Amino acid sequence: MKHPSFDPFLPLSKEVQEHLRHCSSCQAMWQMHQLLRAAPPVPPPADFLERFEKRLIREKRAPQAPRLWPLLLLGLVLLLIVAAGNAVAPRPIWVRVIPGFMMLLMDWGRYLLASLHTAFILLEFLARHIPPLFGLSLLSGGLLVFGMWCLSVRYAVQFAWSHMR
Amino acid sequence: MSMDEQTLLACARQKDDQAFLRLVELYQRPVYNLCYRMLGDAQEAEDAAQETFLRAYHHLDRYDSRRSFASWLLSIAAHHCIDILRRRRSLSFLEASVEDDELSLPPDPFQPDPQLVAERNEQHRLLQRLLLRLSPLDRAIIILRYWHELPEAEIARNLNLTVTVVKVRLHRARRHLARLWSQEYTLPLTGNAHEASLL
Ligand SMILES: [Zn+2]
């Protein structure tokens, strides 16, 4: 049977009324429409407004106060350290800090290159001794486990967060 | 929107908290009902309704005063509840599903027959349970259309859909609810002779 499409919010045409009399599926839908229309709204708890007001006050008080002063304090402490260093050292402090920092960066670069080199040697060894299909399945399995681990961490954090609030 | 509400909104925009609280008082019923119907749990519904008003409070400057304020609030609430439901679904393997609350409805002053009242209440309780089986989006569309009487175009705008999509989903959801009802309940859909005679 072909069901006519109609908007139950509008007055029903003669054909639709006739169809409804004989089609149990459309009749059930029409009755569902009536039931939905008759369903009353669920009222909020009596102290909803009171509790909202409390929450609003709490929310407004919370984020403003402890923002600026820790930053100011930190800045002041840093300034004091730099000033003290300058007063004690024969050369200005940045003259010594910048070369030290550059050396550190170069060291990091060297470590990175060395690790890459090791990784390549390892890969070459693996490629020579492990059949490609087995290696591929090993790799995809490893990736899958890693992905699942990432997901589980994400959900655990989300879960903890939703329960903390 | 009445003159009074216009004034309240204007005051609330000037950061007059008392005016905003008055607006909350005026709109707590529709917002709470939407959240309850979406989430099916009284505590979660209250949290979601409060969150809706807080968001409205912080983003009052984004409200376009040519639109209805109620519709704007309902759209915030609907998006928030859809988010909650999607998060709940993605977390469902960690968390036991939320049990459905006993729906407590206000007494109907126009219905003197206690047996009919009981039957009606039972129908509405079952309806709420079926509602929770719809997808979050379909649920929002049904609730906005039936309980809040928003026109399809307004629903489409609130949920960033086209009017055709809203129409199709509305139709499909109604049919789906009717089918679920006949599969799972023995209680007839129509409770009284008056409605049956409409056919
Ligand atoms: Zn039909």
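**Exercise 1. Confidence along chain B**

Which element of chain B has the lowest mean pLDDT, and which the highest? This is a predicted model, so let us begin with its confidence scores.

*Solution.* Start with the whole chain: chain B has an average pLDDT of 87, and 85% of its residues score at least 70. Now go element by element: the lowest mean, 42, belongs to helix H9 (residues 193–196) of chain B, while H6(B) has the highest, 97. Finally, look around H9: across residues 192–199 of chain B the pLDDT stays below 50, and this stretch has nine contacts in the model beyond near neighbours in sequence.

**Exercise 2. Two helices that meet**

Find how helix H6 (residues 136–146) and helix H8 (residues 163–184) of chain B are oriented where they pack.

*Solution.* First take the geometry: the angle is about 95° and the axes lie 9 Å apart. Angles of 65 to 115 degrees count as roughly perpendicular, so H6(B) is roughly perpendicular to H8(B). Next, find the residues that meet: H6(B) brings residues including B:Leu137, B:Ile141 and B:Tyr146, and H8(B) brings residues including B:Val166, B:Leu170 and B:Leu177. Last, sort the contact residues by type: eight are nonpolar, five are charged and none is polar.

**Exercise 3. A closer look at H8(B)**

Work out the span of H8(B) and what its buried residues pack against.

*Solution.* Count along the helix: its 22 residues reach 31 Å from first C-alpha to last, close to the expected 32 Å. Then pick out the buried residues, among them B:Ala173, B:Arg174 and B:Trp181. Their partners are helix H2 (24–38) of chain A, along with H5 (114–131), H6 and H7 (152–158) of chain B.

How values were computed:
Residues numbered from 1 in each chain as written. Chains lettered and ligands numbered in written order. Predicted model: local features only at pLDDT ≥ 70, side-chain atom pairs only at ≥ 80, totals over all residues. Heavy atoms only, no water. Axes fitted to C-alpha atoms, helices over the stretch in contact; angles between N-to-C directions. Helix = DSSP H or I, 4+ residues; strand = E, 2+ residues; numbered from the N terminus. Parallel < 35°, antiparallel > 145°, perpendicular 65-115°, else oblique. Contact = heavy atoms within 4.5 Å. Nonpolar A, V, L, I, M, F, W, Y, C, P; charged D, E, K, R; others polar. pLDDT = per-residue confidence, 0-100. Expected span 1.5 Å × (residues − 1). Buried < 20%, exposed > 50% of the residue type's maximum accessible area, 1.4 Å probe, protein only.
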